[in-house]
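Student: Please take a close look at one part of this model and go through it in detail. Then set a few other parts beside it.

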Amino acid sequence: MFSHNRRKLLQTSGALLAAGAMSSPLRAQTAAPRVVVIGGGFAGATLAKYVRLWNPKIQVTLIEPNPSHVSCILSNLVMTGALGMTDITIRYDTLRTKYGVSIVADRAVAIDPVNRRVSTLNGSQIAYDKLVLAPGIDFDAIPGLDSSVLPHAWQAGPQTLALKAQLQAVPAGGTFVMSIPQAPYRCPPGPYERACLIADSLLRNRRAGKVIVLDANPDVVAEAHTFHTAFSTTYAGVIEYRPGTEVLSVDWASKKITTNWDTIQADAANIIPRQKAGKLVVAAGLLGSAPGARWAPVNPLSYESTLVPNVHVIGDSQGTGQPKSGHMANAQAKVCADALVRYFAGEAPDPAPMTNSACYSPITSKTASWLTVVFGYDAASGLMKPVPNTLAEAPAPTRGHYEDMFGWAKNLFADSFS
Amino acid sequence: MKAHPKHLGRLAALALLLATAAAHGAPPAGRLLASQCAQCHGTNGQAVAGMEKLAGESESEIYGELIKMKANIKPDEIMHRQAAGYSDAQIRLMARYFATGGRTTATSSTGSSTTPSTRPTRRKSHDD
């Protein structure tokens, strides 16, 4: 009796839906809704996991060519030798086995937002109701710089090992040059952390000469107190910090780096170019036509592009102004996942989403600092804004924070990938 | 098929209800807020290592701790800054979510609430 009536009602409502009486989110309920995610970093993996966790009736397909993610978080400890590559390598298997995410081991090459299809390198066409782009970052070119020779190591993996080799190649008393790009870039405290660990490593191996830090920014971008203190006391005489200094070209055959001030002779180097949204975001026209746009404008309630409907951008490529980091990418992915779950139920996004950033940076081989901030949605401006009194850095690096760093990273890895 | 106009409104309302009920649609109150703790405290508060597990703690315990933290921010405590980011009402929602394992009433802009059908099975997985 009930099922008969229910079937009848479904048929009737189906006719109504076909007649266009219902909004499109409800139309999608007649078949399993399809979410396609491009990119399996902290943003994409978290999105895939949480959509399935919160509504297993939604099909989720993750397009990602690699079998595992190599985390930038903790990767400076692989550079120093404190950790190995296996410590920062996370397989995607759990997303499939535990959450039922379909993983397509292929590279997305183009998006057709009109017919809602993604094309892949191997020639597949993958249809979506909602598309989420999480491709991370891309780099500006610097004349003479070949990052396969001189690593940026701002994407972990082979680049991390190439940086480790650079560090090991510094002769006693030699000069290591590293550069920090104009903000915003991925992981605000990251380059300063790296400078500290390079200096620490050289000091411990009795090879310390000079670590010259070329910062395109006018001052330290994050944890100014922590890093100024580290540079001027812990690493006094080793780290030479040069703000307002941008790398203009590199001639690595003669190991020369030219800045807006002068040309520096190096023994080893780590040049991190200026960053922008991933290639696919740019190619899909998601940056808009504003000159110099580098990140995709999105609605922070859902991370849907303000330019192309049904395409969402999360993680480093989005342009809400929140810091670019794995922890923040995870936070945004949950806001987006919640908005997608609500969307397929015919509901509006949560009107007051919150995100937060918390991260630990090793300052020496035994101590770490932390940086934190909470963001809330400001309805008047339509922006995510730091909540007063929440932005802070650790008063001093400690051994306790160093221990906590591993607890944070393990939980963040697990919450994002397993 | 032609539906009589006076039935259309009722049918549309019923269809909407069904679609919503069928969709795991309305998220439990506090779920999205609480998920922002998971980066450090584990998915659904089940920390894997090195951080406090929130799942299974009582509502008053979590609420009381966070309210105390934001009332007296110590510079060396990262959690005090985090606590300062949320209103008392938001902290209440998160505390209730962790204490009940997500069996809080559904959020809805219309103020209606539903009882999740998975209630009995979910209860087993928690030690409350």
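**A helix and its end**

Tutor: A:G346, just after helix α10(A), takes a positive phi of about 80°. The model is predicted, so local features need pLDDT of at least 70 and side-chain atom pairs count only at pLDDT 80 or more, while totals for chains, interfaces and linings use all residues. Residues are numbered from 1 along each chain as its sequence is written, chains are lettered from A and ligands numbered from 1 in the order in which they are written, and side-chain values use heavy atoms, with hydrogens and water left out.

Helix α10 of chain A covers residues 326-344; helices (H or I, at least four residues) and strands (E, at least two) are DSSP runs numbered from the N terminus. The expected span of a helix is 1.5 Å times one less than its number of residues. For the 19 residues of α10(A) this gives 27 Å, which agrees with end C-alpha atoms 27 Å apart. In α10(A), 19 of the 19 residues are buried, so the helix is largely enclosed by the rest of the structure. Buried means under 20% relative accessible area, exposed over 50% and partly exposed in between (1.4 Å probe, protein chains only).

Helix α7(A), residues 190-204, has 15 residues that should span 21 Å, and its end C-alpha atoms are 21 Å apart, which agrees. Of these 15 residues, 13 are buried, so α7(A) is largely enclosed by the rest of the structure. Just after α7(A), A:R206 has a positive phi of about 55°.

Elsewhere in chain A, an open sheet of 3 strands has the order β6-β7-β8, with antiparallel pairing. Two strands pair if DSSP finds at least two bridges between them.
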